[in-house]
Amino acid sequence: MKIATLFLSILLPLASAFPLFEPSYHPIVVWHGLGDSAYAEGLQEFAKELREAFPGIYVHIVALGQDATSDQRAGFFGNVNDQVSTVCTDLSAVPELANGFDAVGFSQGGQFLRAYVERCNAPQVRNLITFGSQHQGISDLPACKPGDFFCRLAEGALRGGIYTDYAQSNLVTAQYYRDSKSQETYQRYLEANHFLTDINNEKKEGRNATYKANLEKLDNFVMLMFNKDTTVEPKQSSWFATYPVPSKDKQGAAQDKLEVLPLRQSEIYLEDRIGLKALDKRGAIKMELCKGVHMQIDAACQMKVFGRYAGIAPPSKVIPASVRHAWARAIHATMTTLRSKEILRWIRMQFRLLGSALGWS
Ligand SMILES: *[C@@H]1O[C@H](CO)[C@@H](O)[C@H](O)[C@H]1NC(C)=O
């Protein structure tokens, strides 16, 4: 869904808070959500604010079209496998990304960036961050906003047959539609789907070991869920949870009080099909909760990510570990106390001290 509001204004004080540093930040690649476009004002503003908050940072917004209309259209229509492969080619050709980047996926852009990591990962992703993404698909359709023409069109086509060959290769949402509420619908999904089943190594045959190996290379996989998300059904899909397929005798009875199966109890994790368990054992899985409806990324939600997993300097360059930790704490302090001038002055002083201790100034 669309990013429309002013985004990172809360981070702006950071830029002036650390005049001593000229760190080379890890580049950021953003893949936007359904209904949005890389050229839309919201996304462009977001990129601009990132550049202001982290001077010198390289920000790349994934686009699947040459203009706003065609890029927005690609969010609804197209073959996701082809789209991911196009993005793999595009990103491999960006010189600024050659040494790797942090990947930020909004909504469906999150599972698509995960596909990028699993299938391509060249250049390599350091932190994968997904906001309200549908990692275990959706078991119902997101509601269209009034007047959203492409959405209505896609919805109309979807109702006509989600698991038809046409939908599965032309309608984006259908390619992560996963209804596991009955054995029948789940079997149909398994047979028809060529995207989600694949990136989740869900089918017994044809599991791809590269996907697991690549995902395990992540430094961190940060998954954010919105507590009032009604667009993603179930919302816990953002944390890899899903409705378990009911056994034959339980079918029907369970329908009215379905409960999702959390990641750590589900097969994808227990069998470690894509490396989530390995990541988790390393402490690299971060499940964070944001307050709000789908894609309502408020200040507290931003703080969970920016300056922590994205928009921080790569560890080995420039900043020694001890200073880095102090810096991380300072950022945390800045963010939690928001924009108190005193705090900023204090932090600046701390860094001047650190800087002179390290012979920087
Ligand atoms: C597994 O995925 C990699 C990366 O996308 C691909 O090159 C390879 O052909 C796949 N292997 C199989 C057996 O499908």
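Before we start, one definition: when I say helix, I mean a DSSP run of H or I with at least four residues, and a strand is a run of E with at least two, numbered from the N terminus. Hi everyone, and please keep in mind that what we have here is a predicted model.

Let's begin with the whole chain. How many helices and strands does the secondary structure come to? The protein chain has 15 helices and 6 strands. Of its 361 residues, 43% are buried. Now take the contacts with a separation of 6 or more: 74% of them come from residues 24 or more positions apart.

Next, the sheet. The 6 strands form an open sheet, in the order β2-β1-β3-β4-β5-β6, and the pairing is parallel. Which strands stand at the edges? They are β2, residues 59–61, and β6, residues 285–290; each has a single partner strand, so one side of each is left without a neighbour in the sheet. From one strand to the next, the twist averages 15°.

Let's walk along part of that sheet, starting with β1. Its pairing with β2 is parallel and has 3 bridges, and one residue to find there is Val30, whose bridge partner in β2 is Ile61. Are the residues on the two sides of β1 buried or exposed? Ile28 and Val30 on one side are buried, and so are Val29 and Trp31 on the other, so both faces are covered. If you click on Val29 and ignore its neighbours within four places in sequence, you will find it in contact with His60, Val62, Leu91, Leu97, Phe101 and Ala103. Helix α2, residues 41–53, lies across β1 and β2, running at about 165° to β2.

While we're in this area, look at the loop between β1 and α2, where Gly33 is found. Why does Gly33 count as buried? Because it has 23 C-beta neighbours inside 10 Å, and the cut-off is 20 or more. There is also a nice pair to measure on your screen: Gly33 and Gly132 are 99 residues apart in sequence, yet their C-alpha atoms are 9.6 Å apart in space.

Moving across to β4 and β5: these strands pair in the parallel sense over 5 bridges. In that pairing, Leu128 has Phe221 as its bridge partner in β5, and Thr130 has Met223. On to β6, which runs parallel to β5 and is joined to it by 6 bridges; here Leu224 has Glu288 as its bridge partner. Since 6 of the 7 residues of β5 are buried, this strand is largely enclosed by the rest of the structure.

That brings us to the core. In soluble globular proteins, nonpolar side chains tend to be buried together. The largest nonpolar core here has 76 residues, and the members that touch the most others are Ile28, Val29, Val30, Ala103, Leu128 and Ile129. Which element gives the most to this core? Strand β5, residues 220–226, with 6 residues.

Now for some helices. Helix α5 covers residues 108–119, so do find it on the screen. Its 12 residues reach 17 Å from the first C-alpha to the last, close to the expected 16 Å. 11 of those 12 residues are buried, so α5 is largely enclosed by the rest of the structure. What do these buried residues pack against? They pack against β1, α4, β3, β4, α9 and α10.

Let's take α4 from that list. The axes of α4 and α5 come within 10 Å and cross at roughly 65°, and the crossing is right-handed. On the α4 side we have Val80, Gln83, Val84, Val87 and Cys88, and they meet Phe112, Ala115, Tyr116 and Arg119 of α5. An α-helix has 3.6 residues a turn, so residues three or four places apart point the same way. Just after α5 comes Asn121, with a positive phi near 55°.

Last stop: helix α3. Its buried residues are Asp71, Gln72, Ala74, Gly75 and Phe76, and what covers them includes α4 and α6. Following α3 is Gly78, where phi is positive and near 140°.

Thanks for listening!

Technical notes
Residues are numbered from 1 along each chain as its sequence is written. This is a predicted model: local features need pLDDT of at least 70, side-chain atom pairs count only at pLDDT 80 or more; totals for chains, interfaces and linings use all residues. A nonpolar core is a set of buried Ala, Val, Leu, Ile, Met, Phe, Trp, Tyr and Cys residues joined through C-beta atoms within 7 Å. Two residues are in contact if their C-beta atoms, placed from the backbone, lie within 7 Å. Two strands pair if DSSP finds at least two bridges between them. Axes are lines fitted to C-alpha atoms, for helices over the stretch in contact, and angles run from 0 to 180 degrees between N-to-C directions. The expected span of a helix is 1.5 Å times one less than its number of residues. A crossing is left-handed if the near helix is turned anticlockwise from the far one by less than a right angle, and right-handed if clockwise.
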